Amino acid sequence: MAGALHVAVRTLHVLGAVALLGGAAALWIAARDRAPSRGHVRRYEWTFWGVLGVVVATGVGNAGALGPPGPDTRWGAVLTVKLALVVALVLGSLVRTLAVATAGDAADGRFYRRAYGATTAVLAALVVLAEVLAHG
């Protein structure tokens, strides 16, 4: 039973990361020609925060299942970098969401391209770090 629960938690974690990265990349690509619709942007922002909560909670569950890493280990160092990047993602996304909410119709494609391009880059870096943590 514990094994099945662990697989379920890991699956939710991966699916959440895929949703975050895929949504940000889609908006980034859509903003190359013109500003994406405000409806799409609003839906992504609402979804982003809900899914990010699931990803963080399942990430804590994954780390708890594996036990505390030794601070001197390579795995522990990579995990520390990943956690710092998660904090940067949360803070940067807070700024992005507030900017999107206050920009209204004044925002152009360039604004969205930068905002979602940066989000996509940070999320892609987190996926790479997760790969390193999972497979060394």
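**Figure 1. Helix 1 in the predicted model, followed from its first C-alpha to its last.** Helix 1 is built from 29 residues and spans 42 Å between its terminal C-alpha atoms, close to the 42 Å expected at 1.5 Å a residue. In this predicted model, helix 1 covers positions 2–30 and contributes at least two residues to the lining of the largest pocket.

**Figure 2. The buried residues of helix 1 and the helices they pack against.** His13, Gly16, Leu20, Gly23, Ala24, Ala25 and Leu27 are the residues of helix 1 that count as buried, and the partners against which these buried residues pack are helix 2, helix 3 and helix 4. An α-helix has 3.6 residues a turn, so residues three or four places apart point the same way. Among the buried residues of helix 1, His13 also appears in the next view, where His13 is one of the residues that lie nearest the centre of the largest pocket.

**Figure 3. The largest pocket and its lining.** This pocket holds about 890 Å³ of space and is lined by 30 residues, with His13, Gly59, Asn62, Lys82 and Ala130 lying nearest its centre. Helix 1 (2–30), helix 2 (38–66), helix 3 (74–103) and helix 4 (109–135) each supply at least two residues of this lining. By residue type, the lining of the largest pocket consists of 22 nonpolar, 5 polar and 3 charged residues.

**Figure 4. The second largest pocket, with residues from helix 2 and helix 3 in its lining.** About 170 Å³ of space lies in this pocket, and the residues that line the second largest pocket are Arg38, Arg42, Glu45, Trp46, Trp49, Thr97, Val100 and Ala101. Helix 2 and helix 3 each provide at least two of the lining residues, with helix 2 giving the most, at 5 residues. The lining of the second largest pocket divides into 4 nonpolar, 1 polar and 3 charged residues.

**Figure 5. The whole predicted chain, as context for the close-up views.** The secondary structure comprises 4 helices and 0 strands, and the elements follow one another from the N terminus as α-α-α-α. Taken along the principal axes, the C-alpha atoms fill a box of roughly 50 × 30 × 20 Å. Of the 136 residues, 29% count as buried, and the accessible surface amounts to about 8,200 Å², of which 72% belongs to carbon and sulfur atoms. Among contacts with a separation of 6 or more, 82% are between residues 24 or more positions apart.

Key: Residues are numbered from 1 along each chain as its sequence is written. This is a predicted model: local features need pLDDT of at least 70, side-chain atom pairs count only at pLDDT 80 or more; totals for chains, interfaces and linings use all residues. Side-chain values use heavy atoms; hydrogens and water are left out. On a 1 Å grid over the protein atoms alone, a cavity is a set of points where a 1.4 Å probe fits but cannot get out, and a pocket is an open set with protein on both sides within 12 Å along at least five of seven lines; lining residues have an atom within 4 Å of a point. Grid points are joined across faces, edges and corners, and a volume is the space filled by probe spheres set on the points. Ala, Val, Leu, Ile, Met, Phe, Trp, Tyr, Cys and Pro count as nonpolar, Asp, Glu, Lys and Arg as charged, and the others, Gly among them, as polar. The expected span of a helix is 1.5 Å times one less than its number of residues. Buried means under 20% relative accessible area, exposed over 50%, partly exposed in between (1.4 Å probe, protein chains only). Contact means heavy atoms within 4.5 Å. Accessible areas come from the Shrake-Rupley method with a 1.4 Å probe; for residues, only the protein chains shown count as cover.
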